[in-house]
Amino acid sequence: MAKKKKYYTVWEGMTPGVYDSWAACQAQIKGFPNARYKSFKSREEAEAAFRGNFADHISSGSPSTRKAKPIVTEEARKEIIWDSLSVDAACSGNPGVMEYQGVDTKTEAQIFHKKFSLGTNNIGEFLAIVHALALLQQQGKDTPIYTDSRTAMGWVKRKKANTKLVKNAKTKLLHELIARAEIWLRNNTYSNPVMKWDTERWGEIPADFGRK
């Protein structure tokens, strides 16, 4: 009997997305710290899962494999550096209408916001971090920055956005902003710590768009 084909969703990896073979999926997660991925029986299921959250899918299955939803406690939230800036992005589809924002972590007051007709969540997360770094540099502040995206943190560290978003008239401006962000990272230094927001222990990042 022929082996049924599976599709693989990679939420956190070298290049997040949907892959139609284990080999392709493995190439994205091998050596990537805390990679998040799961197999699905159809491409439709895999793509729908990619538009959502890893936690929503890893908890499914038999009681023996079901992962309990983490409990956020005030004790854990004492670890948060409240004098900081939090960034996040949201995308309706992948690619789709994308927006990102930066907020004051403590008050959740919006500091900046950008929206584009076509983009990806990872691009938004990346641009949000660079936007925050550039803004804080202009203000002469070494304020820490929180993000819940390891992928975007990796892109910032490598000073290169590893995106495959098609280049056309609709995405021209976005690609120009990506190029400018990469140039800024190569030509500037900063002392602002870019830190991973611990969603499992602290709850959703303050910059979250609340669409989950």
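Mentor: Quick term first: a crossing counts as left-handed if the near helix is turned anticlockwise from the far one by less than a right angle, and right-handed if clockwise. This is a predicted model, where local features need pLDDT of at least 70, side-chain atom pairs need 80 or more, and totals for chains, interfaces and linings use all residues. Residues are numbered from 1 along each chain as its sequence is written, and side-chain values use heavy atoms, without hydrogens or water.

Trainee: So which hand is the crossing of helix 5 and helix 6?

Mentor: Helix 5 covers residues 121–138 and helix 6 residues 150–158 (DSSP runs numbered from the N terminus: helices H or I, at least four residues; strands E, at least two). Their axes are 8 Å apart, at about 55° (lines fitted to C-alpha atoms over the stretch in contact; N-to-C angles, 0 to 180 degrees). The crossing is right-handed.

Trainee: Which helix 6 residues meet helix 5?

Mentor: Look at contacts (heavy atoms within 4.5 Å). Helix 5 brings Asn122, Ile123, Glu125, Phe126, Ile129, Val130 and Leu133. Opposite them in helix 6 sit Thr151, Ala152, Met153, Trp155 and Val156.

Trainee: Over to the open sheet of three strands: which strands stand at its edges?

Mentor: The order is 2-1-3, with antiparallel pairing (at least two DSSP bridges per pair). Two strands have a single partner each, so one side of each is left without a neighbour in the sheet. Those are strand 2 (17–19) and strand 3 (36–40).

Trainee: And what is the bridge partner of Tyr8 in strand 3?

Mentor: Strand 1 spans residues 7–12, and five bridges join it to strand 3. Tyr8 pairs with Ser39.
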